[in-house]
Amino acid sequence: MSNMLGARRRLGLVHVVLVLFAAALLVADAGVTSSYRRKLEATVEMPLDADVFGVPLGYNAPQQVHITLGDIEGTSMIVSWVTANELGSSTVFYSEASPDPYMMELWAEGTHTRYNYFNYTSGFIHHCNLTNLKYGTKYYYAMGFGHTVRSFSFTTPPMPGPDVPFKFGLIGDLGQTFDSNTTLSHYEANGGGAVLYVGDLSYADNRPLHDNTRWDTWARFVERSAAHQPWVWTVGNHELDLAPELGEPVPFKPFAHRYPTPRRFAPAAAAPPFWYSVRIASAHVIVLASYSAYGKYTPQWKWLRGELARVDRAATPWLIVLVHSPWYSSNGYHYMEGETMRVQFERWLVAAKADLVVAGHVHAYERSHRVSNVAYDIVNGKCTPVRSRDAPVYVTVGDGGNIEGVADNFTQPQPGYSAFREASFGHATLEIMNRTHAYYAWHRNQDGAMVVADGVWFTNRYWMPTDDDDTS
Ligand SMILES: [Fe+2]
């Protein structure tokens, strides 16, 4: 009996030691894999007769209205829309003073384009650049003159400056399901001033023959936000629409026709359109293209090298980078797809003390610690990410809610670089307060819009490079 008791005590002691050891490991890794369970219902695309896809009333009424910044400084805004019946007018009238379309005293002449994709012919796609706008100013604007006129308004970003506050929405991989609609509604309730969109828009390419009518429905769906504030576009793999078997050998055809970037109205000698920068308030935002060449000596590589040298942290302290395919993701889906771009560019971002890298692609949420993995040189064995005050935080917000569903396949155990991860749909916001502090928050769709499921105060890497990632 005493031997059995002794054995039990020894087993109990071993058990306690194992529990303590496991607890120590958890503290050391300091990562959270949220056990929150999303709803179990399948992700369902909204039907074509859903109200969010409604075609505006009136002959040749402008539809799919969206705006994006027209230059790096934020004093131009590109207005885009589609007319379905006939070409109509490409003119935009606009005004600070009058919401009445027929009293607007300013105007700009746009251009139009259209395209064929297999058996689909697009409507007339208009793009009109409004230039020389004042900072932080509300403008009314209208288009469709000659047929059905529709009017909207937007507020230009504030003048760039080191302590100018601004709130961004961070959305990726939205699609057009009921979950997508929840994501957009929650973002609208949270009230950002511009969306940093990290790629994969309509998922039209998931439909037979890349059904391009789903590009139209998607644009009508997001109009309620994208007509009133700039969405900054990053290109994703679902924008490729590369289908030689359908006689469509040109990549990015629908996206390039529909979604301009600030380069569209730049001189022809300027950089190609899918990688570019914008400055908004106290942030310098660099947009990278995961599916355009980025190897050494390529145009994107040369451009990024030059652009990082042009970033002025005294004027715009926050350096934010957008990319579609994540460099740090511990999800089994798309695992390491962003690795070659990380190898190419991570050392530049660490050297530049970038604050935040936002990615999509993986349909789940994840936030990293500030880690760097730039020491490896093939022979030295230093191939593990290490904590670094110079490094950005990497977030993946490919959780917008598209038809492909949640990526519920995290690798185990959670790697040390991963601070928080959860397989749910949602969106994030980044609220910059001044040159030193910004509040980052991730919101899951199952909560009320104002509930923060993962919130962190970031301190600026240039002005206040503290250990702000010791959050768990
Ligand atoms: Fe993607």
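# Asking why: an iron site and its chain

Modeller: Let's start at two iron ligands: Asp200 is buried, and His361 is buried too.

Biologist: What makes you call Asp200 and His361 buried?

Modeller: The word means under 20% relative accessible area, and both residues carry that label. Keep in mind that this is a predicted model.

Biologist: How do you know which residues hold the iron ion?

Modeller: Donors are N, O and S atoms within 2.8 Å of the metal. Asp200 (OD), Asn237 (OD1), His324 (NE2) and His361 (ND1) coordinate the iron ion at 2.1 to 2.2 Å, so they fall inside that limit. Along the chain, the donors follow the spacing D-x36-N-x86-H-x36-H.

Biologist: What do Asp200 and His361 tie together?

Modeller: Asp200 sits in the loop between β13 (194-197) and α3 (213-226), while His361 sits in the loop between β18 (356-359) and β19 (365-368). The pair therefore links parts that are 161 residues apart in sequence.

Biologist: Why is the arrangement around the iron ion called irregular?

Modeller: The angles subtended by the 4 donor atoms run from 88 to 168°. A tetrahedral site needs all angles between 85 and 135 degrees, so the 168° end rules that label out. The arrangement comes out as irregular. One caution for the bench: water is not among the atoms, so sites may look incomplete.

Biologist: Let's try some other residues. Why does Ala227 count as buried?

Modeller: Its relative accessibility is 0%, and the cut-off for buried is under 20%. Ala227 lies in the loop between α3 and β14 (231-233), and its contacts beyond four places in sequence are Val65, His66, Ile67, Tyr141, Phe152 and Ser153.

Biologist: And Glu45, is that side of the story buried or exposed?

Modeller: Glu45 has a relative accessible area of 13%, and that is under 20%, so Glu45 is buried. Glu45 is placed in the loop between β1 (32-33) and β2 (63-69). Its partners farther along the chain include Arg207, Arg214 and Ile403.

Biologist: Why do you label Glu431 partly exposed?

Modeller: Glu431 has a relative accessibility of 29%. Buried means under 20% and exposed means over 50%, so Glu431 falls in between and counts as partly exposed. Glu431 belongs to strand β24 (residues 426-432).

Biologist: How do you know that Glu431 touches Phe166?

Modeller: Contact means heavy atoms within 4.5 Å, and Phe166 is among the partners of Glu431, along with Lys167, Ala438 and Tyr439. Glu431 and Phe166 are 265 residues apart in sequence, and their C-alpha atoms are 5.9 Å apart.

Biologist: Stepping back, what makes the chain as compact as a globular protein of its length?

Modeller: The chain has 6 helices and 26 strands. Its radius of gyration is 24 Å, close to the 23 Å that the globule rule gives for 472 residues, and therefore it matches a globular protein of that length in compactness. Of the 472 residues, 57% count as buried.

Biologist: Which domain does UniProt place at residues 62-156?

Modeller: An unreviewed UniProt entry gives "domain: Purple acid phosphatase N-terminal" for that span. Residues 62-156 are 0% helix and 52% strand. UniProt, again from an unreviewed entry, puts "domain: Purple acid phosphatase C-terminal" at residues 391-449, where the chain is 0% helix and 42% strand.

Technical notes: Residues are numbered from 1 along each chain as its sequence is written. This is a predicted model: local features need pLDDT of at least 70, side-chain atom pairs count only at pLDDT 80 or more; totals for chains, interfaces and linings use all residues. Side-chain values use heavy atoms; hydrogens and water are left out. Donors are N, O and S atoms within 2.8 Å of the metal (3.2 Å for Na, K and Ca); water is not among the atoms, so sites may look incomplete. Four donors count as tetrahedral if all angles lie between 85 and 135 degrees; four count as square planar and six as octahedral if opposite donors are over 155 degrees apart and all others between 65 and 115; anything else is irregular. Helices (H or I, at least four residues) and strands (E, at least two) are DSSP runs, numbered from the N terminus. Buried means under 20% relative accessible area, exposed over 50%, partly exposed in between (1.4 Å probe, protein chains only). The radius of gyration is taken over C-alpha atoms; the globule rule is 2.2 Å times the number of residues to the power 0.38. UniProt positions are given in the numbering used here, feature names are shortened, and annotations may be inferred rather than shown by experiment.
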